[in-house]
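Please look over the chain shown here. The text goes from the overall fold to selected strands, loops and single residues.

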Amino acid sequence: MSAHQAHTAVVEGVEVDTRHWIGGHRVASTTTFTDVSPIDEQPLAEIHAGTTTEVDAAVAAARAAFPAWAALSVKERSDILRAVADGIEARIEDLAVVETRDNGSLLRSHRRGVMPRVAMNFRAFADFAEQQLGHPDLEVRGHRERISYDPAGVVAIITPWNAPLMLATWRIGPALAAGNTVVVKPPEWAPLTASLLADIMHEAGVPAGVFNVVQGTGVDAGAPLTAHPDINRLAFTGSVPTAGVISKAAAANIVPLSYELGGKSPLLVFEDADLDLAVDLAVEQFDNAGQVCLKAARMLVHSSLAEEFTQRVVAKASTLVQGDPRDEATDVSALVSRRHFEQICGFVERAVADGARPLLGGGPNDELGGLYFRPTVLVDAPPGSEILTEEVFGPVVTIETFDTEEEAVAKANDTRFGLAATLATGDPARAERVSRQLRAGTVWVNCFFVRDLNAPFGGSGRSGIGREGGIWSFDFYTDIKNSVFAPSGWAEQAGQEGGSDG
């Protein structure tokens, strides 16, 4: 095997370098780990496995690059980030086919929505920083107060596997636009597009050290990154248990955190809802094989509609095509890994043992084998049972009923999570009233998955810490400073009276 072959994988005809990207160079490790495709559980690549050594080098490179990057004008940084967006748009097909092979998400979704959004993450935050960042000077008793957004320093970003590139750039975009430098640790289950992004960054003119990628596992690469004393911000998307470990590591260095940790979101269907719309919203929750943090996994339906709603959801979900995500006809693909597949199987098996009844699915797709789990609709789950309270990150939904608006709100809010909520109603007053009462970072009324990048995103409770998007991202990725200037006449007089120390 040549040296080139040892650090390169060819995925769907696209060459991907499997080494780290540190300080503007590819860096190899002495060991590797195997990246496996969920489509067929076949090995895709040997990924260089980072450790404390590579993390230290990446943070040092980011620290060294920070002064010059921060010193650029907002327009200069924004122009470079727009060039990154252009580079992403030129390689949408490459990014789409590689990520589909790597994490099993639908190729049609990557082509039409996810990868264009990756480019948008850079362009939108570059535009926001250039056009809207900062506040007008304030005037207080003749003094001028200048509010500025100073870059914080080195930002560590740890990304999930369900939409790895899009969710990484959702943080990378504003962090770089604000003048920070970045170290990214991609998910070991889907690491490949982060490497392609490093190539695009380099080609777009991002200076060496401004953007760094350290591949590796959470234990070997993630842990030293989260505990590193020279990072200034830490953004993480993932599970609650991992967030707890990260919090302890970051606490020693008093590093500000931004967490998005998933949810157990409700879909409330009131008696005055458009039933066609409600059914469509329900079936949409099987998108990405249910591996979506915002998914409305708990369907709460008025008892007068419950029977018809349930029958229609089961009938429509039964028509979803499950199979290879590279096929345009496929609606539901595989789960991301064997370990995750077994976790989903365990959730459903325990739910059935507790008394839940599957009206659709309920287990693996034996016709396809591998990591394909059938879209599953469960009813009759006992109140407080695991399937109703814990996040099941797969193609599984439950249906419960309610009789009053108050009961619906109480059930919706009866969760430790608070990321999102969706409601279907034909009553505008009810929509306003109920949306105010729901404990969720995002509430959709008669729609789903609609949000402007300038709007806040985040959750309550175990769904995370903080908000990002628009100005909220810059609040997190900067140190906000207030500089107060005395009236010029007073300052001149003070200089004359005080003399010089020189």
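What follows is a walk through a predicted model, beginning with the whole chain and ending with individual positions.

The protein chain contains 17 helices and 24 strands. Its radius of gyration is 25 Å, close to the 23 Å that the globule rule gives for 502 residues, so the protein chain is as compact as a globular protein of that length. Taken along the principal axes, the C-alpha atoms fill a box of roughly 85 × 65 × 40 Å.

Of the 502 residues, 54% count as buried. The exposed surface of the protein chain comes to about 20,000 Å², and carbon and sulfur atoms supply 53% of that area. Among contacts with a separation of 6 or more, 73% are between residues 24 or more positions apart. The charged groups number 41 positive and 66 negative, and the mean positions of the two sets are 2 Å apart.

The N-terminal part offers a hairpin to start with. Strand 1, residues 8-11, pairs with strand 2, residues 14-17, in the antiparallel sense over 4 bridges. Within this pairing, Val-10 stands opposite Glu-15 of strand 2. The hairpin has 2 residues between the strands, and Glu-12 takes a positive phi near 50 degrees there.

A little further along the sequence is Gly-23, in the loop between strand 3 (20-22) and strand 4 (25-27). Which residues does Gly-23 contact, leaving aside its neighbours within four places in sequence? They are Ala-61, Ala-208, Gly-209 and Asn-212. Gly-23 also lies 8.3 Å from Ala-65, C-alpha to C-alpha, with their positions 42 residues apart in sequence.

Helix 2, residues 52-71, includes Glu-54. Is Glu-54 buried or exposed? Its relative accessible area is 9%, and since buried means under 20%, Glu-54 is buried. Not counting residues up to four places away in sequence, Glu-54 touches His-20, Ile-22, Ala-28, Ser-29, Ala-49 and Val-214. The C-alpha atoms of Glu-54 and Val-213 are 9.5 Å apart, although the two residues are 159 apart in sequence.

Helix 3, residues 74-90, holds Ala-85. At 0% relative accessibility, Ala-85 counts as buried. Leaving aside neighbours within four places in sequence, its contacts are Ala-119, Phe-122 and Arg-123. Glu-271 is 186 residues from Ala-85 in sequence, and the C-alpha atoms of this pair are 45 Å apart.

A set of parallel strands comes next. Strand 18, residues 396-402, is mostly covered, with 6 of its 7 residues buried. Strand 15 pairs with strand 18 in the parallel sense over 5 bridges. Strand 17, residues 376-379, pairs with strand 18 as well, also in the parallel sense, over 4 bridges. Where do these two pairings meet? Ile-399 of strand 18 is the bridge partner of Met-299, and Val-379 stands opposite Ile-399 too. In a regular strand, side chains alternate between the two faces of the sheet.

Two loop residues have backbone angles that deserve mention. Ala-289 is in the loop between helix 10 (275-283) and strand 15 (296-302). Its phi is positive, about 55 degrees, although Ala-289 is not a glycine. At 2% relative accessibility, Ala-289 counts as buried. Asn-446 is in the loop between strand 21 (442-445) and strand 22 (460-461). Phi of Asn-446 is near 55 degrees, again a positive value in a residue other than glycine. Asn-446 counts as partly exposed, at 30% relative accessibility.

The last position is Thr-478, in strand 24, which spans residues 478-485. Thr-478 has a relative accessible area of 2% and is therefore buried. What surrounds Thr-478, leaving aside neighbours within four places in sequence? Thr-478 is in contact with Tyr-149, Asp-150, Ala-152, Ala-178 and Arg-233.

Conventions: Residues are numbered from 1 along each chain as its sequence is written. This is a predicted model: local features need pLDDT of at least 70, side-chain atom pairs count only at pLDDT 80 or more; totals for chains, interfaces and linings use all residues. Side-chain values use heavy atoms; hydrogens and water are left out. The radius of gyration is taken over C-alpha atoms; the globule rule is 2.2 Å times the number of residues to the power 0.38. Buried means under 20% relative accessible area, exposed over 50%, partly exposed in between (1.4 Å probe, protein chains only). Contact means heavy atoms within 4.5 Å. Accessible areas come from the Shrake-Rupley method with a 1.4 Å probe; for residues, only the protein chains shown count as cover. Lys and Arg count as positive and Asp and Glu as negative; His and the chain ends are not counted. The place of a charge is taken as NZ of Lys, CZ of Arg, CG of Asp or CD of Glu. Two strands pair if DSSP finds at least two bridges between them.
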